[in-house]
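This report is meant for a reader who has not met the structure before. Please look over the sequence and the model first, and then follow the description below.

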Amino acid sequence: MPNYGFTDEEKLALTMLVMSWKKVNLPAEYIPVKKTTTQNAQMDKSSSAQTASADLVKRGEEIYNQKCTACHQIEKKLVGPALKGLFERRKEDWVLSMILNPDSMIKNDPIAKKLYEEYNVPMVIPGGITQEEAKAVVEYLKTATK
Ligand code: HEC
């Protein structure tokens with residue numbers, strides 16, 4: 001065999017290439033196709049559901065940082081209450097109503113009324129908030145206030 005003057009690195013690369021050809025030539029029945037494809041399909045399904053809810057939480061976090069942090073912190077009381085443990089003391093629907101209609105909650109809901117008497121500032125969301133944004137914030141708060 002003539003000396004082609006390959007470097008060690010090139011020899012290694014060529015060896016890898018030839019080995020990869022061999023791999024392609026393996027008999028098809030050596031490759032466990034069926035099992036892994038169904039397993040992967042199931043994994044893809046659940047991980048895409050996870051990604052969707054992770055996206056919602058991330059969006060909620062952005063909205064929270066824009067619209068809530070002027071008055072709220074998770075751990076500390078600020079203009080409004082600390083939000084730590086929120087879902088242990090309030091129902092999800094209540095929180096959603098508080099975010100979407102704080103003024104009518106302060107007027108009509110006994111708990112919100114009490115909070116307002118305590119904090120003396122009406123909760124107002126700067127620039128308002130849509131239902132869809134409020135839901136994303138709730139998803140974020142569910143994980144952040146635990
Ligand atoms: C201008 C300040 C301010 C902003 C901005 C604000 N809040 Fe509030 N929030 C308050 C105050 C003050 C209270 C207590 C009730 C009251 O006085 O209106 C409150 C109460 C709450 C409560 C009830 C807490 C409890 O312990 O039951 C929740 C939940 C809440 N806010 C969530 C939010 C979310 C989420 C945002 C952003 C989308 C937000 N707030 C924006 C001031 C604010």
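In helix H7 the buried residues are Glu133, Ala134, Ala136, Val137, Glu139, Tyr140 and Leu141, where buried means that 20 or more other C-beta atoms, placed from the backbone, lie within 10 Å of the residue's own. This is a predicted model, in which local features need pLDDT of at least 70 and side-chain atom pairs count only at pLDDT 80 or more, while totals for chains, interfaces and linings use all residues. Residues are numbered from 1 along each chain as its sequence is written.

H7 has 14 residues and spans 20 Å from its first C-alpha to its last, close to the expected 20 Å at 1.5 Å a residue, the expected span being 1.5 Å times one less than the number of residues. The chain as a whole holds 7 helices and 0 strands, helices being DSSP runs of H or I with at least four residues and strands runs of E with at least two, numbered from the N terminus. Of its 146 residues, 14% count as buried.

The largest nonpolar core, a set of buried Ala, Val, Leu, Ile, Met, Phe, Trp, Tyr and Cys residues joined through C-beta atoms within 7 Å, has 15 residues, and Tyr64, Met98, Ile99, Val137, Tyr140 and Leu141 have the most contacts inside it. Helices H2, H4 and H7 each supply at least two residues of this core, and the largest share, 5 residues, comes from H7. Leu141 also touches Leu83 and Leu86, residues up to four places away in sequence not being counted; contact here means C-beta atoms, placed from the backbone, within 7 Å.

Which residues of H4 are buried? They are Val95, Met98 and Ile99. Seen down the axis of H4, these buried residues fall within an arc of 95°, so they line one face of the helix, the arc being that of the directions from the helix axis to the C-beta atoms. The buried residues of H4 pack against H3, H5, H6 and H7.

A ligand is surrounded by 27 residues, of which Cys68, Cys71, Gly80, Leu115 and Met123 come nearest; a residue is near if its C-beta atom, placed from the backbone, lies within 6 Å. H4, H5 and H6 each supply at least two residues of this shell, and the largest share, 4 residues, comes from H6. The shell divides as follows.

| Class in the shell | Number |
|---|---|
| Nonpolar (Ala, Val, Leu, Ile, Met, Phe, Trp, Tyr, Cys and Pro) | 23 residues |
| Polar (the others, Gly among them) | 2 residues |
| Charged (Asp, Glu, Lys and Arg) | 2 residues |

Terms used
Buried ≥ 20, exposed ≤ 12 C-beta atoms within 10 Å, placed from the backbone. Contact = placed C-beta atoms within 7 Å.
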